[in-house]
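Reader: I have a new protein model open and I would like to learn how to read it. Could you walk me through it, one feature at a time?

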Amino acid sequence: MPELSPKSPRDSEVVMTQMILPSDANPANAAFGGRVMEWIDICGAISAQRHCRQMVVTASMDDLHFHASIKVGWTVTLHARVIATFRTSMEVGVTVTAENPLTGDKHLTTSALLTFVAITPEGKRVPVPALKLETEEEHAALREAEQRRQERLARKPTSFAWQKVIKPGIAG
C-alpha cells in the first residue's frame, strides 16, 4: 500500500502536448470535442494516479467547457493537477490551451473537472493521501471542490429521469 502522508498538489502536476491532425478534426476543420475529452481524461488520470500511486478510474466529468475552437495544425497543451482529495476519490482540474504555431498566440480552449477513484487491481476502492495545501489559492480550490462534491452527492439519487426519456425501460 502506498504511503498516505499528505502530498503537495504540485506533485500531481501533468503537462501533455498534442498536435491537432486532420484525423482529430470535425467537418469544421477544428478539433473534435470527443478527442479533446479523451486527452483530458488521460491527462487527469495520470495526475490522479501520480498523487495516489494506485490504479484509478474516472467516476465523473463535470464543468466541461469548450471556450474556443482549435484549428487543425495547432498545438494544444493540457495541464492537470489534483485540487481536492476525499477518502478514496480525487478531483482533478484540467485546462487545455491552444497555440497557433505560426504566430505563437495562445488561448484557453477547454476546461474540465474530473473525479477519479483509486482502486486495487480487483476493483476495490482504496484510500488516497490528503493534500498538503500551501497557498490560499489551493485552499480556495479545495473549498470549491468540497461544495461541488456535496452538490454532486445530493443530486445523485435524483438524476436518472433523463435516461428514461432517452431509453425507456432502463433502471437508474
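Author: Happily! Keep in mind that this is a predicted model. A good start is to ask how much of the chain is hidden: of the 172 residues of the protein, 39% count as buried. A residue is called buried when its relative accessible area is under 20%.

Reader: Which helices and strands should I look for, and in what order do they come along the chain?

Author: You should find three helices and five strands. Starting at the N terminus, the elements follow the order β-α-β-β-β-β-α-α.

Reader: In what order do the five strands lie in the sheet?

Author: Order in a sheet is read from who pairs with whom. Here the five strands make an open sheet ordered β1-β3-β4-β5-β2, with antiparallel pairing. At its edges are β1 (14–19) and β2 (55–66), each of which pairs on one side only. On average, neighbouring strands of this sheet are turned by 25° against each other, ignoring direction.

Reader: How many bridges join β1 to β3, and how many join β3 to β4?

Author: Look at each pair in turn. Six bridges link β1 to β3, and these two run antiparallel; as an example to find on screen, Val-14 stands opposite Ala-80 in β3. Ten bridges link β3 to β4, again running antiparallel, and there Arg-81 faces Gly-93 in β4. Between β3 and β4, the chain passes through a hairpin of three residues.

Reader: What about β4 and β5: how many bridges join them?

Author: Eleven bridges connect β4 (residues 89–99) with β5 (residues 106–119), an antiparallel pair. Try locating Ser-89, which stands opposite Val-117 in β5.

Reader: Why is β3 described as largely enclosed?

Author: Count its buried residues. Eight of the eleven residues of β3 are buried, so β3 is largely enclosed by the rest of the structure.

Reader: Which strands does helix α2 lie across?

Author: To place a helix on a sheet, note the strands it crosses and the angle. Helix α2 (residues 136–155) lies across β2, β3 (75–85), β4 and β5, and runs at about 80° to β3.

Reader: How can I describe the protein as a whole?

Author: Contacts, surface and charge are useful here. Among contacts with a separation of 6 or more, 72% come from residues 24 or more positions apart. The accessible surface is about 9800 Å², and 56% of that belongs to carbon and sulfur atoms. Finally, there are 20 positive and 19 negative side chains, with the centres of the two sets 7 Å apart.

Methods
Residues numbered from 1 in each chain as written. Predicted model: local features only at pLDDT ≥ 70, side-chain atom pairs only at ≥ 80, totals over all residues. Heavy atoms only, no water. Pairing = 2+ DSSP bridges. Helix = DSSP H or I, 4+ residues; strand = E, 2+ residues; numbered from the N terminus. Axes fitted to C-alpha atoms, helices over the stretch in contact; angles between N-to-C directions. Contact = heavy atoms within 4.5 Å. Buried < 20%, exposed > 50% of the residue type's maximum accessible area, 1.4 Å probe, protein only. Areas by Shrake-Rupley, 256 points an atom, 1.4 Å probe, with all protein chains shown as cover. Lys, Arg positive; Asp, Glu negative; His and termini not counted. Charge placed at Lys NZ, Arg CZ, Asp CG, Glu CD.
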